[in-house]
Amino acid sequence: MNILSVRDVSKRFGKRQVLKSVSFDIPKGAIVGLIGPNGVGKSTIMKIILGIYKADSGTVSSKGTVGALIESPAIYPFLTGRQQLMLYSHQNAANVNVIVKEMAMTKYIDKRVVHYSLGMKQKMGIASALLNHPDVVILDEPMNGLDPMSNRELRDLIMRLAEKGISFLISSHILSELEKMIDQVVLLDKGQVILATSMKHLHAIGANYLFLKTDDDTRCTRTLIKDKISATKSQNGVQVPLSQSSNLNQLFNDLLSNKIKIEDVGHFQENLEDSVLTMMANESRGKDR
Ligand SMILES: Nc1ncnc2c1ncn2[C@@H]1O[C@H](COP(=O)(O)OP(=O)(O)OP(=O)(O)O)[C@@H](O)[C@H]1O
């Protein structure tokens, strides 16, 4: 079930057409990554979803409530974290307690926000987005400026919440920043969605290799080719492309029965940026046909 759908949304600022017929869906409990270079219109889409900007055409339909962290959260430095959350939740102490515990903010929530690190402030922003039990949470570049530790904490938190059924739309200008947590990716370029697919699909199309180091790489390559397994010898070993139908047992048996000693085995997956490029190249080839 889709909790939120964006259909054919276009928007111009003056003469500049920023969004051109943008469409994508956010399924319930999914983490969707909105990826694209700076200035491509990610924040504009988010603001349209939230009703801050009005689209020139197109629709946004939502089956639930939406919470958001757009740009820096409004933070009053001389209040404590708890005082602020109380303010945003209309003094619902029980609600604030649940969120503070859930987000592991207990240690510092009663300190004044002026003493918070960037990561703590970012968490405060997310906590305020979560306070009123939204079905979808929109986060604009939430990893911005976070160190690897806070980055990981935030990722774990988002994944935990998604497991409970909360959906997320998260923007970033780099796919690799979000790839470990998102289920779906929406790639924007020049104001258009150029790719919208599941991460599973993206991983599946990414080339996969087995890398073998043996006591005789030349003989290893020849043996595999003779047995109709495509293999290429490189300077450091033998590279074997893997597909879902690859039979690893057969491959190793082949080498062992030929008394080729396997010294090391590695497994490589094409990185995600490359998978995106492969997929886009395949799609444009399909269109040309
Ligand atoms: N209120 C506005 N008035 C005029 N132009 C705007 C307005 N808001 C955004 N823009 C323009 O729309 C384009 C897209 O901006 P937007 O902030 O949506 O991009 P973004 O993908 O979020 O970029 P970034 O990653 O840098 O935040 C930019 O050229 C920006 O200057």
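The following conversation goes through a sheet, a helix and a ligand shell of this structure.

Trainee: What kind of model is this, and how are residues numbered?
Mentor: It is a predicted model, in which local features need pLDDT of at least 70, side-chain atom pairs count only at pLDDT 80 or more, and totals for chains, interfaces and linings use all residues. Residues are numbered from 1 along each chain as its sequence is written.

Trainee: In what order do the strands of the open sheet stand?
Mentor: The order of the six strands is β5-β6-β7-β3-β8-β9, with mixed pairing. Strands (E, at least two residues) and helices (H or I, at least four) are DSSP runs numbered from the N terminus, and two strands pair if DSSP finds at least two bridges between them.

Trainee: Which strands are at the edges?
Mentor: β5 (66–69) and β9 (192–198) each have a single partner strand, so one side of each lacks a neighbour in the sheet.

Trainee: And how do β3 and β8 run, parallel or antiparallel?
Mentor: β3 (residues 31–35) and β8 (residues 184–189) run parallel and are joined by four bridges. Leu34 has Val186 in β8 as its bridge partner.

Trainee: Changing topic, is Gly125 of helix α4 buried or exposed?
Mentor: Gly125 is buried, because 21 other C-beta atoms lie within 10 Å; the cut-offs are 20 or more for buried, 12 or fewer for exposed and partly exposed in between, with C-beta atoms placed from the backbone.

Trainee: Which helix gives the most to the shell around the ligand?
Mentor: Helix α1 (residues 42–49) does, with three residues. The surrounding residues include Phe13, Lys42 and His173; a residue is near the ligand if its C-beta atom, placed from the backbone, lies within 6 Å of it.
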